[in-house]
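Reader: Please take a close look at a single part of this model for me, the salt bridges and the residues that form them, and then set that part beside the other features that can be described. I would welcome one connected answer rather than a list.

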Amino acid sequence: SQQSANSTKNFSKMAQGMTGTLVPAYAVLAANVFAITAAFAFLKKAADFRVMQESQLAFTGATGVGMKTLTSNIQEASGAMLDFQAASESASIGIASGLGAGQIEELAAGAGNLSKILGRDVTDSFHRLIRGVTKAEPELLDELGIFIRLDDAAEKYAQQLGRAASSLTQAERRQAFMNEALTQGQKKFAAVGGAVDPNPFNQLAASFQNLTQSILSFVNGALGPLI
């Protein structure tokens with residue numbers, strides 16, 4: 001019985017010793033893995049940003065549209081609440097889908113107004129506007145308070161052209177949808193949004209995101225070739 005008690009006590013001490021050693025070691029390992037994973041994610045995102053900037057130059061040469069200038073104009077139109085990457089991504093999608101630079105800037109302004117009035121995230125609103133207009137999908141705009149019937153929009157646009165709605169091409173129907181979205185945005189949100197200052201925290205967040213991307217891009221300049 002005494003021997004059994006001693007064995008139990010020794011096993012308990014050994015278990016405590018293992019716990020005292022393994023738990024801190026596991027905690028250190030987990031912390032290091034988390035730090036490395038976070039660093040990798042940040043650097044990967046910065047590399048994506050660099051590739052996007054280089055692609056803008058190539059896209060400018062292919063389309064004749066100054067993408068860097070357009071991206072800056074989009075940021076300004078949104079009230080400086082869109083960071084460079086978000087503005088650039090949507091600009092590329094819009095231009096590739098046949099939207100004009102001025103139309104994209106109008107959508108950015110609309111997203112800024114929506115964020116003020118509806119309390120929505122401006123980046124999400126802008127992406128939703130771009131996708132909704134380029135795909136002509138009313139469902140994407142319903143949550144923004146913009147309700148469009150494709151047939152009605154096409155009929156209105158056809159009347160402006162002096163043609164029958166049935167004669168409109170797919171591109172013209174998409175233009176009709178775009179016109180209606182901009183018209184509703186102007187009527188419902190432009191006046192009110194223009195009378196309210198943008199959220200300074202959204203502006204600060206966008207500026208900080210731009211600064212972070214610039215710093216990480218600089219770091220990647222040295223690490224990229226090594227990777």
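Author: Arg149 has a relative accessible area of 58% and, because this is over 50%, it counts as exposed. In this predicted model, Arg149 forms a salt bridge with Asp152, and the closest N and O atoms of that pair are 3.9 Å apart, which falls within the 4 Å cut-off for a salt bridge. Asp152, for its part, is partly exposed, since its relative accessibility is 44%.

A search of the whole structure finds seven salt bridges, and several of them can be followed from Arg120. Asp124 forms a salt bridge with Arg120, with the closest N and O atoms 2.5 Å apart, and Asp124 is partly exposed because its relative accessible area is 30%. The side chain of Arg120 also meets that of Glu143 in a salt bridge, at 3.8 Å from N to O. This pair links distant parts of the chain, for Glu143 lies in the loop between helix H6 (138–142) and helix H7 (150–161), whereas Arg120 lies in the loop between H4 and helix H5 (122–135), and the two are 23 residues apart. Through salt bridges that share partners, Arg120, Asp124, Arg128 and Glu143 are joined into one network. As a general point, side chains of opposite charge can pair when their charged atoms come close.

Beside these charged pairs, there is a nonpolar patch on the surface to consider. Phe208, Leu211 and Ile215 make this patch, which covers about 330 Å². Leu211 has its place in helix H9, which spans residues 200–226, and Leu211 counts as partly exposed because its relative accessibility is 49%.

The remaining feature is a pocket. The second largest pocket has a volume of about 170 Å³, and 14 residues line this pocket, with Glu106, Gly110, Leu182, Gly185 and Gln186 the closest to its centre. Helix H4 (101–118) and helix H8 (170–194) are the elements that give two or more residues to the lining of the second largest pocket. By type, the lining residues divide into nine nonpolar, four polar and one charged.

Note on methods:
Residues are numbered from 1 along each chain as its sequence is written. This is a predicted model: local features need pLDDT of at least 70, side-chain atom pairs count only at pLDDT 80 or more; totals for chains, interfaces and linings use all residues. Side-chain values use heavy atoms; hydrogens and water are left out. On a 1 Å grid over the protein atoms alone, a cavity is a set of points where a 1.4 Å probe fits but cannot get out, and a pocket is an open set with protein on both sides within 12 Å along at least five of seven lines; lining residues have an atom within 4 Å of a point. Grid points are joined across faces, edges and corners, and a volume is the space filled by probe spheres set on the points. Helices (H or I, at least four residues) and strands (E, at least two) are DSSP runs, numbered from the N terminus. Ala, Val, Leu, Ile, Met, Phe, Trp, Tyr, Cys and Pro count as nonpolar, Asp, Glu, Lys and Arg as charged, and the others, Gly among them, as polar. Patches are made of residues with over 30% relative accessible area and no salt bridge: like charges are joined within 9 Å, nonpolar side chains (Val, Leu, Ile, Met, Phe, Trp, Tyr) within 5 Å. Accessible areas come from the Shrake-Rupley method with a 1.4 Å probe; for residues, only the protein chains shown count as cover. Buried means under 20% relative accessible area, exposed over 50%, partly exposed in between (1.4 Å probe, protein chains only).
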